[in-house]
Each structure stands twice: as structure tokens, then as C-alpha cells.
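User: I would like to learn how to read a model like this one. Please take the features in turn, with the general idea before the case.

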Amino acid sequence: MRGLLARRMKFHLIGAFVVSVGSAALYKFGVAEPRKQAYADFYRNYDPMKDFKAMKAAGVLESAPAK
């Protein structure tokens with residue numbers, strides 16, 4: 001039983017480090033990168049004036065009433 005706490009602590013510390021790095025990598029490549037790519041794809045061909053005219057025609061904007 002001598003050194004049991006130190007041995008178990010070392011094992012759990014290494015395991016926690018591996019799990020946390022794995023979780024961070026999984027989030028980065030599974031969530032963050034696809035999200036950044038989706039934003040880049042959306043704004044590549046985005047026309048704000050076309051979107052403004054569509055919202056104005058729909059009556060969404062109070063400051064620019066539809067005529």
C-alpha cells in the first residue's frame with residue numbers, strides 16, 4: 001500500500017490530460033472548423049444590398065418602410 005496515492009494520482013493525471021486534449025481536438029475539428037468554413041462559404045457570395053431590399057420589401061425593417 002506504500003506509494004498507492006502517488007501511483008494512482010499519476011495514472012489519473014495522465015488520463016485526464018489525454019482526455020482533455022482529445023476533447024479539445026475533437027471540438028476544434030468537429031465543430032469550430034466546419035463552422036468557420038460555413039461562415040466563409042456564406043459570406044463569399046453574400047450581397048447585403050440584395051438582402052436589405054428583400055427585408056425592406058417584406059416589411060421587416062421599421063426604419064425603411066416598404067413602398
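Analyst: Start with one pair: Arg44 and Asp41 form a salt bridge, with their closest N and O atoms 2.8 Å apart. This is a predicted model, in which local features need pLDDT of at least 70 and side-chain atom pairs count only at pLDDT 80 or more, while totals for chains, interfaces and linings use all residues. Residues are numbered from 1 along each chain as its sequence is written, and side-chain values use heavy atoms, with hydrogens and water left out.

User: What counts as a salt bridge, and how many does a search of the whole structure find?

Analyst: Side chains of opposite charge can pair when their charged atoms come close. The criterion is a side-chain nitrogen of Lys or Arg within 4 Å of a carboxyl oxygen of Asp or Glu. The search finds three salt bridges. Glu33 meets Lys28 at 2.9 Å, N to O, and Glu33 also pairs with Lys36 at 3.5 Å between the closest N and O atoms. Lys28, Glu33 and Lys36 are thus linked in a network of salt bridges.

User: How are Arg44 and Asp41 placed in helix α1?

Analyst: Helices are DSSP runs (H or I, at least four residues) and strands likewise (E, at least two), numbered from the N terminus. Arg44 and Asp41 are three residues apart in helix α1, so about one helical turn separates them. Glu33 and Lys36 are also three residues apart in helix α1, again about one helical turn.

User: Is Arg44 buried or exposed?

Analyst: Buried means under 20% relative accessible area, exposed over 50%, and partly exposed in between (1.4 Å probe, protein chains only). Arg44 is exposed at 53%, whereas its partner Asp41 is partly exposed at 38%. In the network, Glu33 is partly exposed at 27% and Lys36 is exposed at 52%. Across the protein chain, buried residues make up 1% of the 67 residues.

User: What does the radius of gyration say about the protein chain?

Analyst: The radius is taken over C-alpha atoms, and the globule rule is 2.2 Å times the number of residues to the power 0.38. The protein chain has two helices and zero strands. Its radius of gyration is 26 Å, well over the 11 Å that the rule gives for 67 residues, so the chain is more spread out than a compact globule. Along the principal axes, the C-alpha atoms fill a box of roughly 85 × 25 × 10 Å.
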